[in-house]
Amino acid sequence: MIAADLAPLAIVLPFLGAAVTFLLIRHSRAQRAVSISTLSVTLIIEVVMLLAAPSTGTHAVRLGGWEPPFGIVLVVDQFSALMLVVSSAISLAVLIYAAGQGMADGDEDGPVSIFHPTYLILVAGVSNAFLTGDLFNLYVGFEILLTASYVLMTLGGTAPRIRAGVTYVVVSVVSSMLFLISIAMIYGATGTVNMADLAVKLETLDPATQLVLHLMLLVAFGIKAAVFPLSFWLPDSYPTAPAPVTAVFAGLLTKVGVYAMVRVETLLFPGDRINSLLMVVALLTMVVGILGALAQSDIKRLLSFTLVSHIGYMVFGLAISSRIGLGAAVYYVAHHITVQTSLFLVTGLIERRGGTANVDRLGGLAKLSPLLGVLFFVPAMNLAGIPPFSGFLGKLGLIQAGVELGTPLAFVLVAGGVLTSLLTLLVMARVWNRAFWRSPADAEDPDPILLASKADGSSVGTSRHVTGEDSGRFAGKDPVTLLPRTMTGPTIGLVGLGLALTLLAGPLFALSDDAAQEMLDRTPYIEAVLGPGAGA
Amino acid sequence: MTVNLTLIVLLAAFFAAGIYLLLERSLTRVLLGLILLGNGANILMLAMSGGSGRSPLYIPGTPAEDYADSLPQALILTAIVITFAVTAFMLGIIYRSWVLGREDDVQDDPEDRRVADQDSYDWEDDADVVAETSEFFDEDAPAERTGATAYDGAATREVRTARGDDDAAAGSRRQGDAL
């Protein structure tokens, strides 16, 4: 019995939690307690797995005792263990934030009680996708998380969410169909869906057939990862969902696509056959994404565009596919999940404090709520890649890898990466100047709470209770807290996790470097699943 | 591996019709397109599983080649269930879309339209910097403070009216959109 044998629990526990919270649908307090404790236990198990991963190496768990390649295997290596820990950590933070929002608003028994079971199913799907060593099981994992995300995306069923949900569902289903079609063709060509077995058998195929299968898988995952030109759907659909939902989608769902792309590139189809194509795609994703962000005035949409743009960095590292490039990409994925999620959570707080996420209608937040200012500033600078934050370290690793490769295209990519980083800083500075630094009176059509002042003339503070007559937004409700601790707490935690990525950069980079080497070697993965000697 | 021609023709027809319907603007047709695509993918899986054969019940003495490959059938079954769930959900949101807006069409994103229509001139980014005097007011005195805010607002309005007719028109249009 070793730590990696606990892997199935990362999937089973959230599912069990979902079942229990579904039964408790009328008891929101118990529901919250169950879902938060389920995710906490899952996180602890995953941390144990991650700590043990470097010493045990790649380990495969055979589900139901079926011998691979016939049965389904779950594979724990350093990359998947790291992804599991980061994803569970941010899921837990977002869950506490969402529960805090529900408590602060006092909607105890609304239709949103479906939130907890669906959310846990989403987490189970994400864990399944990270762990599985079977291509069809990866499809099932994707479907679990996507179906849960459809429900979360259209939560409440308002007109804008339905409109955005339709686009999202149709695009996701089409990408899943493409994935299913590729699986069918891969099965037709090789007679197996076990990824380790495929890694051995795909090499024996005709190169042209290999290329077709390779590109089909990449297109299917490219849509999920929102890689340009397959990224059009993301800024259209994410911003309308509730703030915590957008935060967890932005952090996790695209990264599952990136994870699948990494596995395709390293395990199934190694070699540099399409690396130039990936480099061009990475460059376009970075530059086009950030130019889109420059045009936006809604912070949520703007962040969705930076999300697309920064997926480009991960594809950048993947396209370089050297040990240092891939290692930096792994580190960058961990960094980006944390930072992007915290930015979306802060945007939720901004929306709550200022009544809108549109920067034209915001102002003076830094003075009204210095805490909010710090909470936005730190991850914003982190995203832009200002030293000494983790965004800088990740980008530095990628640029080093690009320069080491030394081809003209790699240098163009390095230049594109630096430019994107600079433009990200510009985008963040614009938000900062408008929403935080200028006087609230300069805002166009500001929300009443932004201008509200108390009887003595001083402005309404951070967590002051606002009564109904202060604003139309909270009218008719009991006094609500503008920035309740249950919402700021998890946000502070995530911003702190982003900073911890800098403090722990040494061991983390060593880990991601090892993970990259493990993936480039391929034999540890194949031998862990199929037994010694199979990967030779 | 043997290939069944009927299945290939059938799935080609399914894919063609599915993609055609998917490109329509009516949501019901998009859904029908997705269903056809899903069925096409399932037929493809079946076509890829090789020739037909015995059911996978163990009969001693039967050579392995006589059995039909049962794994793709299990995969198809899973895929059918998933497509079924997604279809039900799609029907739900199409109905909701109909209830809310009497619309069965794919809707435009209003924010996209707004961003596309906006002026490239932004008075805060592009206008001349005005001398800001309000910071010299005593911030601690409550009475003075309200006066300062009022003055601040007036100054802003002055800047806005001073930035030319075109921009004023753009500004008023933006305000109109916000309303």
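For its 536 residues, chain A of this predicted model has about the radius of gyration one would guess for a compact globule: the rule gives a value near 24 Å, and the chain comes out at 23 Å, so the two agree. Laid along the principal axes, the C-alpha atoms of chain A take up a box of roughly 80 × 55 × 40 Å. Buried residues account for 61% of the 536 residues. As for how the chain is wired up, take the contacts in chain A between residues at least 6 apart in sequence: 77% of these link residues at least 24 apart.

In terms of secondary structure, chain A has 21 helices and 4 strands. One of the helices, H4(A), covers residues 115-131 and makes a handy geometry check. At 1.5 Å a residue, its 17 residues should span 24 Å, and the end C-alpha atoms do sit 24 Å apart, so expectation and model agree. Is H4(A) enclosed or not by the rest of the structure? Largely enclosed, because 17 of its 17 residues are buried, where buried calls for 20 or more other C-beta atoms within 10 Å.

Turning to chain B, an unreviewed UniProt entry puts the feature "transmembrane region" at residues 6-23, 30-51 and 71-95. Two of these stretches can be set against the model's own secondary structure. Residues 6-23 of chain B are 94% helix and 0% strand, with 26 Å between the end C-alpha atoms. Over residues 71-95 of chain B, the figures are 100% helix and 0% strand, and the end C-alpha atoms are 36 Å apart.

Helix H3 of chain B runs over residues 71-101 and includes Ala85(B). With 13 other C-beta atoms within 10 Å, Ala85(B) is partly exposed, since a count of 12 or fewer would make a residue exposed and 20 or more would make it buried. Ala41(B) is 44 residues away from Ala85(B) along the chain, and their C-alpha atoms are separated by 16 Å.

Where the two chains meet, 37 residues of chain B are in contact with 35 residues of chain A. On the chain B side, at least two residues each come from helices H2 (27-48), H3, H4 (110-117), H6 (142-161) and H7 (165-178). Which helix gives the most to this side? That would be H3(B), with 14 residues. By residue type, the side of chain B that touches chain A splits into 22 nonpolar, 10 polar and 5 charged.

Conventions
Residues numbered from 1 in each chain as written. Chains lettered and ligands numbered in written order. Predicted model: local features only at pLDDT ≥ 70, side-chain atom pairs only at ≥ 80, totals over all residues. Expected span 1.5 Å × (residues − 1). Rg over C-alpha atoms; globule rule 2.2 N^0.38 Å. Contact = placed C-beta atoms within 7 Å. UniProt positions renumbered as here; feature names shortened; annotations may be inferred. Nonpolar A, V, L, I, M, F, W, Y, C, P; charged D, E, K, R; others polar.
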